[in-house]
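Grab a pencil and work through a few exercises on the protein shown here. Try each task yourself before you read its solution.

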Amino acid sequence: MTRLSLLFTAIFTTCEAFAPLSAAPKAPPTQLNAKASSRRDILAFGLATTVMATTIPVTVHAASGAPTQADLNRIKEGYNGLVYLLDNFEKETTVCRENGGECKRDAEPVRRYLGLRSTTDPLFQIEKVFDKAKNMDIDPDKLDAFFEATEDYNTAMTLSNSMAFISQFGEYNPGGGKDEVLKYLNESKKQVIQAKASLEKIMDALDIKP
């Protein structure tokens, strides 16, 4: 699946999860029905907008000055976190009940390692650090690669977040189940791999050692 098709799939699947399981018999088009239909349309639009706002982080470019050493350390720490996540993906995304209870896959850690769950996560709003980095003395030969990598990282983060979000509800969606959970979890993992590769290029341009 392409990144664009993944994004549309994320929006469609999430909205579909909240759709009624069966349609009620159609009534004659009275004024009351028209109003009810209009309200449903407004509700559906509002839900879709909310999902978009929840799953697609908004980049705010309000940085000034070069990044501090602490800022650059966040990139390194976040990168190492993604390396650990990918090396231990099944372990990190599996939750088991106590005393030998049932185990299930959970995409929540993916969103956490991407800096989307807490302000203390290393990659939380890391795009602001990328924005500050534009004021650094970057090697001109690496400048284009840096800008391309920052865009690729933001795209991968957005898609991975969306796939992880859908995976968390995959078992409860109409026609869903454990297979759906795993399907979208794996799609989320693919985007984490892309995000990691983008961070490697960013770190190379900024002369940050892994």
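Before we start, one term: a pocket is an open set of grid points with protein on both sides within 12 Å along at least five of seven lines. Keep in mind, too, that this is a predicted model.

**Exercise 1. Get an overview**

Work out how many helices and strands the protein has, and in what order they come.

Solution. Start by counting: there are eight helices and two strands. Next, walk along the chain from the N terminus, and you get α-α-α-α-β-β-α-α-α-α. Now look at burial: of the 210 residues, 35% are buried. Finally, take the contacts with a separation of 6 or more: 76% of them join residues 24 or more positions apart.

**Exercise 2. Check a helix with a ruler**

Find out whether the span of helix H8 agrees or disagrees with its number of residues.

Solution. Helix H8 covers residues 178-205, which makes 28 residues. The expected span is 1.5 Å times one less than that number, so you should get 40 Å. The end C-alpha atoms are 41 Å apart, which agrees. Then peek just past the helix: H8 is followed by Asp-207, whose phi is positive, near 60 degrees.

**Exercise 3. Buried or exposed?**

Decide whether Ser-198 is buried or exposed, then do the same for Glu-90.

Solution. Take Ser-198 first, which sits in helix H8. Its relative accessibility is 5%, and the cut-off for buried is under 20%, so Ser-198 counts as buried. What does Ser-198 touch, leaving aside its neighbours within four places in sequence? Its contacts are Ala-149, Asp-152 and Tyr-153.

Now for Glu-90, in helix H4 (residues 89-92). Its relative accessible area is 57%, and exposed means over 50%, so Glu-90 is exposed. One more step: Glu-90 and Arg-105 are 15 residues apart along the chain, and 8.0 Å separates their C-alpha atoms.

**Exercise 4. Explore a pocket**

Describe the second largest pocket: how much space lies in it, and what lines it?

Solution. Begin with the volume, which is about 270 Å³. Then turn to the lining, made up of 13 residues. Those nearest the centre are Lys-104, Arg-105, Asp-106, Glu-171 and Val-181. Sort the lining by class and you find six nonpolar, two polar and five charged residues. Last, ask which elements they come from: strand E2 (103-105), helix H7 (140-169) and H8 each supply at least two of the lining residues.

Terms used: Residues are numbered from 1 along each chain as its sequence is written. This is a predicted model: local features need pLDDT of at least 70, side-chain atom pairs count only at pLDDT 80 or more; totals for chains, interfaces and linings use all residues. Side-chain values use heavy atoms; hydrogens and water are left out. Helices (H or I, at least four residues) and strands (E, at least two) are DSSP runs, numbered from the N terminus. Buried means under 20% relative accessible area, exposed over 50%, partly exposed in between (1.4 Å probe, protein chains only). Contact means heavy atoms within 4.5 Å. On a 1 Å grid over the protein atoms alone, a cavity is a set of points where a 1.4 Å probe fits but cannot get out, and a pocket is an open set with protein on both sides within 12 Å along at least five of seven lines; lining residues have an atom within 4 Å of a point. Grid points are joined across faces, edges and corners, and a volume is the space filled by probe spheres set on the points. Ala, Val, Leu, Ile, Met, Phe, Trp, Tyr, Cys and Pro count as nonpolar, Asp, Glu, Lys and Arg as charged, and the others, Gly among them, as polar.
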